[in-house]
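Trainee: I have a structure open and would like to understand the words people use for it. Could we go through them together?

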Amino acid sequence: MRSLILVACLLAACSDAPPSWQKLLSARISQQYPQYEVIPQPDGRLLVKRPGQADMPVDADAIGVFCRRGPKDCNYATDQMLLELRGK
């Protein structure tokens, strides 16, 4: 969660608009898995291209719902997403 807050602060400092869950989670995925390519989708989802594995969609808005509930829920949802992205 700390890293998500740090990323949020950094993104907010770079623009006037508040960061979206899509941007925050893209940064978190790229931090955890620098070799993955994260592509924002028009519907608010992310498409994560993982070398040697199938592409995986991530519902950023669904994770955002958990994050609005508090840090424990946010950490859990984010950790689960990262574990799923790890794959094999």
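Mentor: Gladly, and let us start with helix 2, residues 21-32, in what is a predicted model.

Trainee: How do you know that the span of helix 2 is close to the expected one?

Mentor: Set two values side by side. Helix 2 has 12 residues and reaches 16 Å from its first C-alpha to its last, and 16 Å is also what is expected at 1.5 Å a residue.

Trainee: Which residues of helix 2 are called buried, and what makes them so?

Mentor: They are Gln22, Leu24, Leu25, Ser26, Arg28 and Ile29. The word applies because buried means under 20% relative accessible area. Of the 88 residues of the protein, 33% count as buried.

Trainee: Why is helix 2 called roughly perpendicular to helix 3?

Mentor: Their axes come within 9 Å and cross at roughly 95°. Angles of 65 to 115 degrees count as roughly perpendicular, so helix 2 is roughly perpendicular to helix 3. On the helix 2 side, Trp21, Gln22 and Leu25 take part, and they meet Ala60, Ile63, Gly64, Cys67 and Arg68 in helix 3. By class, this contact has 5 nonpolar, 2 polar and 1 charged residues.

Trainee: And what makes helix 3 roughly antiparallel to helix 4?

Mentor: Helix 3 (residues 60-69) and helix 4 (residues 71-86) pack at an angle of about 150°, with their axes 6 Å apart. Over 145 degrees counts as roughly antiparallel, so the name fits helix 3 and helix 4. Helix 3 contributes Ile63, Phe66, Cys67 and Arg69 to the contact, while helix 4 brings Asp73, Cys74, Ala77, Thr78 and Met81. Sorted by class, there are 6 nonpolar, 1 polar and 2 charged residues.

Trainee: Now to the strands. How do you know that strand 1 and strand 2 pair?

Mentor: Two strands pair if there are at least two bridges between them. Strand 1 and strand 2 are joined by 4 bridges and run antiparallel. Glutamate 37 has lysine 49 in strand 2 as its bridge partner, and proline 40 stands opposite leucine 46.

Trainee: What about strand 2 and strand 3?

Mentor: They too pair in the antiparallel sense, over 4 bridges. Valine 48 has methionine 56 in strand 3 as its bridge partner, and leucine 46 stands opposite valine 58.

Trainee: Why are strand 1 and strand 3 called edge strands?

Mentor: The sheet is open, with 3 strands in the order 1-2-3. Strand 1 (37-40) and strand 3 (56-59) each pair on one side only, and that is what the name describes. From one strand to the next, the twist averages 25°.

Trainee: What turns up between the strands of each hairpin?

Mentor: The hairpin of strand 1 and strand 2 has 4 residues between the strands, and glycine 44 there takes a positive phi near 95°. Strand 2 and strand 3 have 6 residues between them, with glycine 52 in the turn at a positive phi of about 80°.

Trainee: How do you know that the side chains of strand 2 alternate?

Mentor: Follow the strand: Leu46 and Val48 point to one face and are buried, whereas Arg45, Leu47 and Lys49 point to the other and are not. In a regular strand, side chains alternate between the two faces of the sheet.

Trainee: Where does helix 3 lie relative to the sheet strands?

Mentor: Helix 3 lies across strand 2 and strand 3, at about 40° to strand 3.

Notes: Residues are numbered from 1 along each chain as its sequence is written. This is a predicted model: local features need pLDDT of at least 70, side-chain atom pairs count only at pLDDT 80 or more; totals for chains, interfaces and linings use all residues. Side-chain values use heavy atoms; hydrogens and water are left out. Axes are lines fitted to C-alpha atoms, for helices over the stretch in contact, and angles run from 0 to 180 degrees between N-to-C directions. Helices (H or I, at least four residues) and strands (E, at least two) are DSSP runs, numbered from the N terminus. Angles under 35 degrees count as roughly parallel, over 145 as roughly antiparallel, 65 to 115 as roughly perpendicular and the rest as oblique. Contact means heavy atoms within 4.5 Å. Ala, Val, Leu, Ile, Met, Phe, Trp, Tyr, Cys and Pro count as nonpolar, Asp, Glu, Lys and Arg as charged, and the others, Gly among them, as polar. The expected span of a helix is 1.5 Å times one less than its number of residues. Buried means under 20% relative accessible area, exposed over 50%, partly exposed in between (1.4 Å probe, protein chains only).
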